[in-house]
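Colleague: I've got a model open and would like to learn how to read it. Could you walk me through it, feature by feature?

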Amino acid sequence: MWFRKRSLWLVMLVLALALALAACGGQAEEAPAAAEPAQQEEAAPATEAPQAEETEATQAEATEEMAEATEEAQEETGEQDLVALGKELFHQNPLGQNAGCVTCHSTEPGVQLVGPSLAGIATTAAERVDGMSAEDYIRQSILEPNAYTVEGFPEGLMPAYTDLTPEQVDALVAYLMTLK
Ligand code: HEC
């Protein structure tokens with residue numbers, strides 16, 4: 001076995017050497033003329049293609065970024081509109097079938113009217129009920145005020161604002177969430 005393997009290697013080595021010699025001799029004469037144009041042809045598209053792809057990719061990225069920025073700006077304006085509407089509703093009196101929020105709530109710290117001051121309510125709301133987000137607590141306070149009664153205040157005093165549209169409730173929540 002070993003013998004055969006070795007002779008095979010030898011044959012291959014000799015063949016390889018012969019090929020290498022032949023190749024060198026041949027190339028020395030022909031290579032410069034034949035290789036040059038081929039290289040140029042190959043080189044040109046090779047450098048162009050990635051550049052084109054890159055430009056396209058950069059353009060696509062830029063367009064995508066712009067679209068995202070516009071979307072964000074629109075979302076922000078939407079959010080600002082909602083907050084502005086909420087602020088307006090909060091100060092409206094009456095509001096739907098009930099007295100306006102401002103009748104009973106101040107947004108100044110420490111100013112207690114019929115209900116507690118809502119200054120910093122976004123922060124307080126997050127701590128009122130375990131596992132309930134600030135938004136959810138504020139929403140619940142508006143729609144089901146008796147679900148949680150703030151200590152020191154009588155239950156049933158705040159009316160449930162169930163005649164407001166979902167958008168109006170969203171707006172009030174968005175506005176109160178800015179009172180941090
Ligand atoms: C008639 C008076 C009255 C009106 C009008 C009223 N509230 Fe209240 N509100 C209260 C009282 C009293 C409490 C505290 C007792 C309770 O938790 O129900 C309260 C509690 C709250 C709380 C919880 C505060 C906290 O610290 O946890 C929020 C939020 C709230 N009101 C929002 C509103 C909003 C928004 C409006 C208008 C849509 C409104 N209230 C209208 C009397 C009122």
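**Reading the helix contacts**

Modeller: Let's start where two helices touch: Glu135, Ile138, Arg139, Ile142 and Leu143 of α4 meet Val169, Leu172, Val173 and Leu176 of α5. Sorted by class, that contact has seven nonpolar, no polar and two charged residues. Keep in mind that this is a predicted model.

Colleague: At what angle do α4 and α5 pack?

Modeller: For a helix pair, look at the angle between the axes and the distance separating them. Here α4 and α5, the latter being residues 166-176, pack at about 130°, and their axes are 10 Å apart. That angle makes α4 oblique to α5, because 65 to 115 degrees would be roughly perpendicular and over 145 roughly antiparallel.

Colleague: And is the crossing of α4 and α5 left-handed or right-handed?

Modeller: The crossing of α4 and α5 is right-handed.

Colleague: What about α3 and α4: how do their axes cross?

Modeller: Same reading, new pair. The axes of α3 and α4 come within 7 Å, with a crossing of roughly 95°. α3 is therefore roughly perpendicular to α4. On the α3 side the contact is made by Ile121, Ala122, Ala125, Ala126 and Arg128, and on the α4 side by Ala134, Tyr137 and Ile138. By class, there are seven nonpolar, no polar and one charged residues in this contact.

Colleague: Let me zoom out. How many helices and strands are there in the protein chain?

Modeller: For the overall layout, count the elements and then read their order. This protein chain has five helices and zero strands, and from the N terminus its elements run α-α-α-α-α.

Colleague: What share of the protein chain counts as buried?

Modeller: Burial is read by counting neighbours around each residue. Out of 180 residues in the protein chain, 11% count as buried. You can also check how contacts spread along the sequence: among those between residues at least 6 apart, 51% join residues at least 24 apart.

Colleague: Can we try burial on single residues? Is Gly86 buried or exposed?

Modeller: Gly86, which sits in helix α1, counts as buried because it has 23 C-beta neighbours inside 10 Å. Setting aside neighbours within four places in sequence, Gly86 is in contact with Ala171, Leu172, Ala174 and Tyr175. The C-alpha atoms of Gly86 and Gln168 are separated by 6.9 Å, though their positions lie 82 residues apart along the chain.

Colleague: And Gln80, buried or exposed?

Modeller: Gln80 is also in helix α1. It counts as exposed because there are 12 C-beta neighbours inside 10 Å. Its C-alpha atom is separated by 9.0 Å from that of Tyr175, and the two residues are 95 apart along the chain.

Colleague: Which peptide bond is cis?

Modeller: For this one, look at the omega angle. The peptide bond from Asn93 to Pro94 is cis, with omega near 0°. Pro94 lies in the loop between α1, spanning 2-91, and α2.

Colleague: Last stop, the ligand. How many residues surround it?

Modeller: With a ligand, list the shell, pick out the closest residues and then sort by class. The ligand is surrounded by 25 residues, the closest being Cys101, Cys104, Gly115, Phe153 and Met158. By class, the shell divides into 17 nonpolar, seven polar and one charged.

Colleague: Which helices each supply at least two residues of that shell?

Modeller: Those are α2 (101-104), α3 (121-128) and α4 (134-143). You've already met α3 and α4 as a roughly perpendicular pair.

Methods. Residues are numbered from 1 along each chain as its sequence is written. This is a predicted model: local features need pLDDT of at least 70, side-chain atom pairs count only at pLDDT 80 or more; totals for chains, interfaces and linings use all residues. A residue is near a molecule or strand if its C-beta atom, placed from the backbone, lies within 6 Å of it. Helices (H or I, at least four residues) and strands (E, at least two) are DSSP runs, numbered from the N terminus. Ala, Val, Leu, Ile, Met, Phe, Trp, Tyr, Cys and Pro count as nonpolar, Asp, Glu, Lys and Arg as charged, and the others, Gly among them, as polar. A residue is buried if 20 or more other C-beta atoms lie within 10 Å of its own, exposed if 12 or fewer, and partly exposed in between; C-beta atoms are placed from the backbone. Two residues are in contact if their C-beta atoms, placed from the backbone, lie within 7 Å. Axes are lines fitted to C-alpha atoms, for helices over the stretch in contact, and angles run from 0 to 180 degrees between N-to-C directions. Angles under 35 degrees count as roughly parallel, over 145 as roughly antiparallel, 65 to 115 as roughly perpendicular and the rest as oblique. A crossing is left-handed if the near helix is turned anticlockwise from the far one by less than a right angle, and right-handed if clockwise.
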